[in-house]
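Hi,

Here is the structure I promised to pass on. Have a look at it first, and my notes follow underneath.

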Amino acid sequence: MKLKLKNVFLAYFLVSIAGLLYALVQLGQPCDCLPPLRAAAEQLRQKDLRISQLQADLRRPPPAPAQPPEPEALPTIYVVTPTYARYGLWYAQEMRWTRGVSVWPVGLVGGLRFEGPRVQDGRVVGFHTAWEPNRPFPVDMAGFAVALPLLLAKPNAQFDATAPRGHLESSLLSHLVDPRDLEPRAANCTRVLVWHTRTEKPKMKQEEQLQRQGRGSDPAVEV
């Protein structure tokens, strides 16, 4: 059986003390070594107890980590991506939170610096556009996304190929949502993350006309 080195030292110490006591008794002299001996033994016992507690703590398995809450399920998104449009890095991050129909501005479209919803207190209250502003949904094809569950719940919602020019978006969205329930994205439609791109200088005739009327695009919105 293996002996702990500490126990060997303790035994050696006790034997030494016993030998000293025996020698003192033989000499006829009184000895008060018993209290220190008891104190030393108690100190060693306390150390053994503490070591045993630490070893038990080390052998005890760690508590199971708390399970993180399951993330809220996000719906699949349906979005039209025209070949003439280019999208910024945060575009997908913005539209992934769509619950119904979300909207955002589109840059360099309709003869303007940008075209898109006007938002007040987190709700769409109108649209900044120059071409046929009375359309039910005067938005660009690259300026909205639809949650797939909503689209599946409205089987009659579809693009009308016979719709007048510029009304194709409205032919779909009119079956899906009321304009007041649109979900503004891109920092309440103050950031442009989508652009119309062409291999020529953008034409800003409508922008110039609206500026003369005092209704130009918000210069604070970077395009």
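Let me start with a side-chain detail: Arg 96 sits over the face of Trp 97, 4.8 Å from the ring centre. Do keep in mind that this is a predicted model.

How many aromatic pairs are there? The count comes to zero, so that criterion, ring centres within 6.5 Å, is not met by any pair that was counted.

Salt bridges do turn up, and there are two of them. One links Arg 180 to Asp 178, with the closest N and O atoms 3.0 Å apart. Arg 180 counts as exposed because its relative accessibility is 60%, and the cut-off for that class is over 50%. Its partner Asp 178 has a relative accessible area of 31%, so it is partly exposed.

The other bridge joins Arg 185 and Glu 183, where the closest N and O atoms are 2.9 Å apart. Is Glu 183 buried or exposed? At 15% relative accessibility, Glu 183 is buried, since buried means under 20%.

Now for the chain as a whole. The protein chain has seven helices and nine strands. It runs to 223 residues, of which 31% count as buried. About 15,500 Å² of the protein chain is exposed, with carbon and sulfur atoms supplying 58% of that area. As for contacts with a separation of 6 or more, 73% of them are between residues 24 or more positions apart.

That's it from me, happy to chat.

Cheers

Note on methods. Residues numbered from 1 in each chain as written. Predicted model: local features only at pLDDT ≥ 70, side-chain atom pairs only at ≥ 80, totals over all residues. Heavy atoms only, no water. Phe/Tyr/Trp six-rings, centres within 6.5 Å; stacked < 30°, edge-to-face > 60°. Lys NZ or Arg CZ within 6 Å of the ring centre and 35° of its normal. Salt bridge = Lys/Arg side-chain N within 4 Å of Asp/Glu carboxyl O. Buried < 20%, exposed > 50% of the residue type's maximum accessible area, 1.4 Å probe, protein only. Helix = DSSP H or I, 4+ residues; strand = E, 2+ residues; numbered from the N terminus. Contact = heavy atoms within 4.5 Å. Areas by Shrake-Rupley, 256 points an atom, 1.4 Å probe, with all protein chains shown as cover.
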